[in-house]
Amino acid sequence: MQSLEITKETLRQEGERLKAEGFRFVTITCLELDETSLELIYHFDKDLEIIHYRMQIPKDAPMPSLSPVFFAAFLVENEIYDQFGIKFDDLVLDFGGTLYLDDDDDITATPFCKFGVKRADTVPDAE
Amino acid sequence: MLKKIVEHSQIKSPWLVHYDCGSCNGCDIETLACLTPLYDVERFGVLNIGNPKHADVLIVTGTVNKRNKKVLKQIYDQMPSPKIVIAIGACGLSGGIFREAYNVVGGVDKVIPVDVYVPGCPAKPEAIIDGVVEGLAKLSEIQKAGKPKKEAIAS
Amino acid sequence: MSKTIVPFGPQHPVLPEPIHLSLTVEDEVVKEAVPAFGYVHRGLEKLAEKRDFHQMIQVVERVCGICSMIHAMCYCQGLEHLMKVEVPRRGQFLRVIWSELHRIHSHLLWLGLYADAFGFESVFMQFWKIRERIMDINEATAGNRVIVSVNQVGGVRRDLSPSKCDWILDELNHVEKEVKALESTMSNNYTVKKRTVGKGILTREMAYELGAAGPTLRASGIAQDMRQLQYEAFDELDFEPVVETDGDAFARGLVRFKETIQSIDLVRQAIARLPQGDTFVKVKGKPEGEVVQRVEQPRGECLYYIKANGTKFLDRLRIRTPTFANIPPLAAMLPGMELADVPVLILSIDPCISCTER
């Protein structure tokens, strides 16, 4: 699987460029690499050609959201917040970690991480 | 006299409410298929009703998860007594293939008392109809005993 | 008139599955729609750590009971790619036959529910009656009505005898005749038009930008269908994506109606060209590496991301289902519509909530 590298700083800019070129946002895949880092893979499609952008990020840092550029990204970013605990800034529609999870002890946990972090630690402004 | 009419019609024309509680759709569409021309339970007076307050029988498909257990309990509490609950499919019985998933609580009987269990993945329409018939026999027993139905298990 | 928030769902008579929408309403007109989920979420992707990659086929089949065969096909394609296995040609054709049968049954099911959403109950009953023939084919060929479970890594587990093929063709002739008898109802009937024409319009640009998938995208004039990727035996079959240009609920209905007829034709083509040979190859070893696999489901593009590490447990399995992609377009098409049209519009994207939440 071939993929391109992308960073936090260039994400929005690259998103704008892809949108102008006629790419369609497909989805984001989140992976846990080890105890401290996660990997995000952004998938875009144009005329049945799919391209992937990779980014490695530490677990405890918030991410810029892609949803102001591609509205469709809000759902998957909320899902990643539920499952991996990455906080996305400027989400157009923020479910605050309750997209799927309901119980109080679940909301602060990250069910998809083997090396779980309490979400309250990663999000300073969480109530 | 009036009581007799009500009791008789409850058995002869039961009204069902169906709640999908995290099922994969397999059991749902089989439950719906019971109402369509090939199986057509409506000819026996069995009606699918959207409103739990009108219903005698609650049909539950799928596993209970942490969010819908509250909805399920609410629907059960809204139904007037006497009432029976039928759990459909392997997931409704025990959690089935999903029992180890993190958001799954387990079978329907973890939240509300279940009277009839219909196995299968998914349960066939014939099995579902058979389950409803079994359930009605139980409902008639409850009517004869005249005992109020036990309340929902506290979660 | 002040604004009112109307809760819609999770248990609602028109919805076969639980989804909740908070509709901000002003004078019966929806101003904003915010969806809420979680009533069907099970956490299936996480099960890949507890079940080995062969057992996961049974799990992914139960992501959604309606398009179960296509989910398993996509998953197996991904693993076959990683393990460098080539499925025998006969196996590929059989996969096409079962997947197109699933598409027919899913579309007939949807056409029925859609008619029921605007109160046309006789059409609902008609479509579901036709659908029972497809369920009979599934049961006769694979042993189960809904979840057929024919896939394995390396091919399909069951074969079709020539007499079964003839019987399928005969049943499909009946299905086609009965579906075509309802064509004028779906395309010309006053009631159907009154409730669907001009409702929930997604323009070409909107649909593309919001990431719509499948019939929802094609009803807005974009001819994109993952079957054009020519996976399995689609390279040998003649097929053109069905496109409508109006982008409203009526167009979405027409796309699905025409696709039903098209799928019947695809099954016929596949049976006519069915080669002799094995249906599967034995696979050895464990998968390693990562792959993205896409197929066209009845509801649209489905994407599987698989990362394997050389053991029998997968590192990560990610499933992006078509309804997941169609939720943002739904949220965008509801504002400006009347409250009474909301059920029809929700159904017009063919929502599969158990797919969305997994």
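## A covered helix in chain B

A residue counts as buried when its relative accessible area is under 20%. With that cut-off in hand, helix α2 of chain B, residues 26-33, makes a good starting point in this predicted model. The helix is mostly covered, and eight of its eight residues are buried. If you would like to find them in the structure, they are B:Gly26, B:Cys27, B:Asp28, B:Ile29, B:Glu30, B:Thr31, B:Leu32 and B:Ala33.

What about B:Asn25, in the loop between β1 (15-20) and α2 of chain B: is B:Asn25 buried or exposed? B:Asn25 has a relative accessible area of 3%, so this residue counts as buried under the 20% limit. Leaving aside residues up to four places away in sequence, B:Asn25 touches B:Asp20 in its own chain. From chain C, it touches C:Glu17, C:Cys64, C:Gly65, C:Ile66, C:Cys352 and C:Ser354.

## Where chain C meets chain B

Let us turn to the whole contact between these two chains. Here 42 residues of chain C come together with 40 residues of chain B. Between them the two chains bury about 3300 Å², and carbon and sulfur atoms account for 61% of that area.

Three salt bridges are counted between chain C and chain B. B:Lys124 and C:Glu139 form a salt bridge, with their closest N and O atoms 2.5 Å apart. The interface also holds 13 residue pairs in polar contact, both partners being at pLDDT 80 or more. On the side of chain C that touches chain B, at least two residues each come from α1 (56-61), α3 (89-117) and α4 (121-142) of chain C. Helix α4(C) gives the most, with eight residues. By class, this side of chain C divides into 22 nonpolar, nine polar and 11 charged residues.

## Where chain A meets chain C

How many residues does each chain bring to the contact between chain A and chain C? Chain A brings 40 residues and chain C brings 36 residues. Together they bury about 3200 Å², with 61% of it on carbon and sulfur atoms.

Five salt bridges span the interface of chain A and chain C. In a salt bridge between C:Arg294 and A:Asp45, the side chains meet at 2.6 Å, N to O. Polar contacts join 13 residue pairs between chain A and chain C, again with both residues at pLDDT 80 or more. Which elements give two or more residues to the side of chain A that touches chain C? They are β2 (24-32), β3 (37-46), β4 (49-58) and α2 (73-84) of chain A. The largest share, eight residues, belongs to β2(A). This side of chain A is made up of 25 nonpolar, six polar and nine charged residues.

## Aromatic pairs

Over all chains, a search of the whole structure turns up 11 aromatic pairs. C:Phe234 and C:Phe239 form a tilted pair, 6.2 Å from centre to centre and with 50° between the planes. Are these two rings' residues buried or exposed? C:Phe234 has a relative accessibility of 3% and counts as buried. C:Phe239, at 17% relative accessibility, also counts as buried, because the limit is 20%.

Chain A has a ring cluster worth a look as well. Ring pairs link A:Phe25, A:Phe44, A:Tyr53 and A:Phe70 into this cluster.

Note on methods: Residues numbered from 1 in each chain as written. Chains lettered and ligands numbered in written order. Predicted model: local features only at pLDDT ≥ 70, side-chain atom pairs only at ≥ 80, totals over all residues. Heavy atoms only, no water. Contact = heavy atoms within 4.5 Å. Buried area = accessible area lost by both parts, 1.4 Å probe. Salt bridge = Lys/Arg side-chain N within 4 Å of Asp/Glu carboxyl O. Polar contact = N/O pair within 3.5 Å; in protein donor to acceptor, adjacent residues only side chain to side chain. Helix = DSSP H or I, 4+ residues; strand = E, 2+ residues; numbered from the N terminus. Nonpolar A, V, L, I, M, F, W, Y, C, P; charged D, E, K, R; others polar. Buried < 20%, exposed > 50% of the residue type's maximum accessible area, 1.4 Å probe, protein only. Phe/Tyr/Trp six-rings, centres within 6.5 Å; stacked < 30°, edge-to-face > 60°.
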